[in-house]
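Please look through the sequence and the model shown here, and keep both at hand while reading. The paragraphs that follow begin with a single residue and then widen the view.

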Amino acid sequence: MATWESLRREARQLENKIDAKLVSFSRLGARHHDDQQTGSKAGSCEAVAMEISQLLQQLTTVNDKMADVVGPDASAAILHTRQRHCDILHDYRQEFMKTKANVHAFQEREDLIGSVRQDINAHKTAAGSMNRRTDIYMKEHDHLRHSEKAADDALGSAMAAKESLSSQRRLLNSISGHVTGLGNRFPALNSLMQRINFRKRRDSIILGSVIAVCIIVLFLYSRW
């Protein structure tokens, strides 16, 4: 059977271990509050909490044995020492429960903050994707607007060239009519008439080529 002294030594050893574990547990709780990697810290806190619970249970058992050893005729010093060990056990239990509650509150707070951060990041990602799509649409709109403006400019140039060539054609037709009349009167002008007719055909070819180029340019701008 264990003696009073052996039980007292065992109780003091357990109390020293519990005191050290409570200090470590409190520090882990504070680090868990400041650390971003909550997963590993939560595992460490749970392991230390399990060790403290086992030590408190062992100290409770030793205190019960001390109560059995102390007889009714025990001295006041022994009774005071036994009561002191009981008070220490009670204080350790209170401190352990308080620290454990704080760590649990820290864990819930970190989980809530982590959830809010995930929601914010998801919202930022969605907003960024929407902004990128909007930028793409705006660039496409600007590109189409510039293409339409270039097509309008090309069409205006083609119409101006057509009007100029038409005016030249009317002028040449008028001149050709007068020259034909003169050619009927003066046979020497036949060679001049042939050259004029050749120039008319050449102008017609140029006019057709300009119109064809304008149509091709408009087609390319509409496809681009």
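A convenient place to begin is Gln 54, which lies in helix H2. Is this residue buried, partly exposed or exposed? Because its relative accessible area is 45%, and the partly exposed class runs between 20% and 50%, Gln 54 counts as partly exposed. Along the chain Gln 54 and Ile 18 are 36 residues apart, yet in the model, which is a predicted one, their C-alpha atoms are separated by 9.6 Å.

Ile 18 leads on to the interior, since it is one of the residues that touch the most other members of the largest nonpolar core, a set of 23 residues in which Phe 25, Ile 52, Leu 56, Leu 59, Tyr 92 and Phe 96 hold that position as well. Helix H1 (4–34), H2 and H3 each contribute at least two residues to this core, and the largest share, nine residues, is drawn from H2. As a general background to such an arrangement, nonpolar side chains in soluble globular proteins tend to be buried together.

Phe 25 deserves a closer look. Once its neighbours within four places in sequence are set aside, Phe 25 is in contact with Cys 45, Val 48, Ala 49, Ile 52, Phe 96, Thr 99, Lys 100 and Val 103. One of these partners, Thr 99, has its place in helix H3, and with the same kind of neighbours left aside, within four places in sequence, Thr 99 is in contact with Phe 25 and Ser 26. Is Thr 99 buried or exposed? The relative accessible area of Thr 99 is 12%, and buried means under 20%, so Thr 99 is buried.

Phe 25 also appears in the lining of the largest pocket, together with Cys 45, Glu 46, Ala 49, Met 50, Ser 53, Lys 100, Val 103, His 104 and Gln 107. About 160 Å³ of space lies in this pocket. Which elements supply its lining? Helix H2 (38–69) and helix H3 (76–185) each provide at least two of the lining residues, and the largest share, five residues, comes from H2. Sorted by class, the lining consists of five nonpolar, three polar and two charged residues.

It remains to place these details within the whole chain. The protein has four helices and zero strands, and read from the N terminus on, its elements run α-α-α-α. Of its 224 residues, 22% are buried, while the accessible surface comes to about 16100 Å², with 56% of that area belonging to carbon and sulfur atoms. Among the contacts between residues at least 6 apart in sequence, 78% join residues at least 24 apart; the contact of Phe 25 with Thr 99, already described, links two residues that are far from neighbours in the numbering.

Notes. Residues are numbered from 1 along each chain as its sequence is written. This is a predicted model: local features need pLDDT of at least 70, side-chain atom pairs count only at pLDDT 80 or more; totals for chains, interfaces and linings use all residues. Side-chain values use heavy atoms; hydrogens and water are left out. Buried means under 20% relative accessible area, exposed over 50%, partly exposed in between (1.4 Å probe, protein chains only). Contact means heavy atoms within 4.5 Å. Accessible areas come from the Shrake-Rupley method with a 1.4 Å probe; for residues, only the protein chains shown count as cover. On a 1 Å grid over the protein atoms alone, a cavity is a set of points where a 1.4 Å probe fits but cannot get out, and a pocket is an open set with protein on both sides within 12 Å along at least five of seven lines; lining residues have an atom within 4 Å of a point. Grid points are joined across faces, edges and corners, and a volume is the space filled by probe spheres set on the points. Ala, Val, Leu, Ile, Met, Phe, Trp, Tyr, Cys and Pro count as nonpolar, Asp, Glu, Lys and Arg as charged, and the others, Gly among them, as polar. A nonpolar core is a set of buried Ala, Val, Leu, Ile, Met, Phe, Trp, Tyr and Cys residues joined through side-chain atoms within 4.5 Å.
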